[in-house]
Amino acid sequence: MPRASLSAGAVVDVALRLVDAQGPAGLTLSAVAGLAGVATPSLYKHVRNLAELRDLLSERIMNEMTDEIGVAVIGRSADEAIRAFMTAWRGYALRHPHRYAALLHSPEPRTAEAGERLITILFATLRAYGLEDSAAVHAARCLRATAHGFVSLETGGGFALPEALDESYALLTHMVVAGLHAPRTDR
């Protein structure tokens with residue numbers, strides 16, 4: 001990459017390629033600089049430090065994932081939308097396991113801002129179940145934890161038994177949908 005085209009966005013592009021190839025552990029400023037064909041100090045014109053680069057990278061990943069989930073969910077409602085949400089979440093993680101592993105799940109400013117779009121999509125989907133306000137927040141947390149937990153275990157090699165993971169995820173999705181229809185008994 002010629003120096004003239006180096007920008008914060010271009011640095012993130014290079015970081016994505018590096019993460020795709022080596023995983024999140026391979027993300028260093030010197031590795032990004034080497035792949036970009038510049039000296040490490042040249043990166044500081046575009047990113048303050050590795051923490052900022054991780055935040056920018058996470059923002060990009062969250063936006064990619066949200067775009068895919070949004071496309072999957074649009075035009076669907078209730079159970080069909082939840083199934084599409086779950087399928088799209090897993091699909092992104094399986095196609096981009098290293099990117100998914102690099103996603104910051106803490107509320108870093110840029111990632112949180114990108115995540116707001118995902119939450120908006122999810123809240124709109126949950127309205128079909130009559131869930132709004134704090135009930136929607138609790139349900140959204142459960143959906144996120146469910147999808148994230150499964151795909152984190154899956155992409156990390158955490159399932160050793162021979163049963164098909166597609167079947168397990170289909171059962172999990174069915175359980176989530178059934179749970180959204182079940183009356184709450186904890187009130």
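This is a short talk through some helices, helix contacts and single residues of a predicted model.

I'll start with helix α1, residues 8-22. It has 15 residues, and at 1.5 Å a residue they should span 21 Å. The end C-alpha atoms are 21 Å apart, so the span agrees with the expected value. Which residues of α1 are buried? They are Ala10, Val11, Val12, Val14, Ala15, Leu16, Leu18 and Val19. These buried residues pack against α2 (29-36), α3 (40-43), α4 (50-73) and α6 (97-102). Just after α1 comes Gly23, with a positive phi of about 85 degrees.

Now the helix pairs. Two packed helices are described by the angle between their axes and the distance between the axes. For α4 and α5, the angle is about 145 degrees and the axes are 8 Å apart. The crossing of α4 and α5 is right-handed. On the α4 side, the contact is made by Ile61, Glu64, Met65, Glu68, Ile69, Ala72 and Val73. On the α5 side, the residues are Ala81, Ala84, Phe85, Ala88, Trp89, Tyr92 and Arg95. By residue class, the contact of α4 with α5 has 11 nonpolar, no polar and three charged residues.

Two of the residues in that contact are worth a closer look. Glu64 sits in helix α4. Is Glu64 buried or partly exposed? Its relative accessible area is 21%, and buried means under 20%, so Glu64 counts as partly exposed. Leaving aside neighbours within four places in sequence, Glu64 is in contact with Leu16, Tyr92 and Arg99. Leu16 is one of the buried residues of α1, and Tyr92 is among the α5 residues that meet α4. Glu64 and Tyr92 are 28 residues apart along the chain, with their C-alpha atoms separated by 8.7 Å.

The other residue is Arg95, in helix α5, which covers residues 78-95. Its relative accessibility is 49%, so Arg95 is partly exposed. Arg95 and Arg127 are 32 residues apart in sequence, and their C-alpha atoms are 29 Å apart in space.

Next, α7, residues 109-126. This helix has 18 residues, which at 1.5 Å a residue should span 26 Å. Its end C-alpha atoms are 25 Å apart, which agrees. Within α7, the buried residues are Thr111, Ala114, Gly115, Leu118, Leu122, Thr125 and Leu126. They pack against α4, α5, α8 and α9, the last being residues 165-181.

How do α7 and α8 cross? The axes of α7 and α8, the latter being residues 133-155, come within 10 Å and cross at roughly 115 degrees. The two helices are therefore roughly perpendicular to each other. As with the previous pair, the handedness can be stated: α7 passes α8 in a right-handed crossing. From α7, Leu122, Phe123 and Leu126 meet Ala136, Val137, Ala139, Ala140 and Leu143 in α8. That contact divides into eight nonpolar residues, no polar and no charged.

Back to α5, for Met86, which lies in that helix. The relative accessible area of Met86 is 0%, so it is buried. Which residues does Met86 touch, not counting residues up to four places away in sequence? They are Leu143, Thr146, Ala147, Tyr169, Leu172, Thr173 and Val176. Leu143 in this list is also among the α8 residues that meet α7. In the other direction along the chain, Met86 and Val73 are 13 residues apart in sequence and 9.7 Å apart in space, C-alpha to C-alpha.

One of the partners of Met86 is Thr173, which is placed in helix α9. Thr173 has a relative accessible area of 6% and is therefore buried. With the same sequence neighbours left out, Thr173 touches Arg83 and Met86.

Last, backbone angles. Most residues other than glycine have a negative phi. Ala78, in helix α5, has a phi near 50 degrees, a positive value in a residue other than glycine. Asp133, in helix α8, also has a positive phi, near 55 degrees. Is Asp133 buried or exposed? Its relative accessible area is 67%, so Asp133 is exposed.

How values were computed
Residues are numbered from 1 along each chain as its sequence is written. This is a predicted model: local features need pLDDT of at least 70, side-chain atom pairs count only at pLDDT 80 or more; totals for chains, interfaces and linings use all residues. Side-chain values use heavy atoms; hydrogens and water are left out. Helices (H or I, at least four residues) and strands (E, at least two) are DSSP runs, numbered from the N terminus. Buried means under 20% relative accessible area, exposed over 50%, partly exposed in between (1.4 Å probe, protein chains only). Axes are lines fitted to C-alpha atoms, for helices over the stretch in contact, and angles run from 0 to 180 degrees between N-to-C directions. Angles under 35 degrees count as roughly parallel, over 145 as roughly antiparallel, 65 to 115 as roughly perpendicular and the rest as oblique. A crossing is left-handed if the near helix is turned anticlockwise from the far one by less than a right angle, and right-handed if clockwise. Contact means heavy atoms within 4.5 Å. Ala, Val, Leu, Ile, Met, Phe, Trp, Tyr, Cys and Pro count as nonpolar, Asp, Glu, Lys and Arg as charged, and the others, Gly among them, as polar. The expected span of a helix is 1.5 Å times one less than its number of residues.
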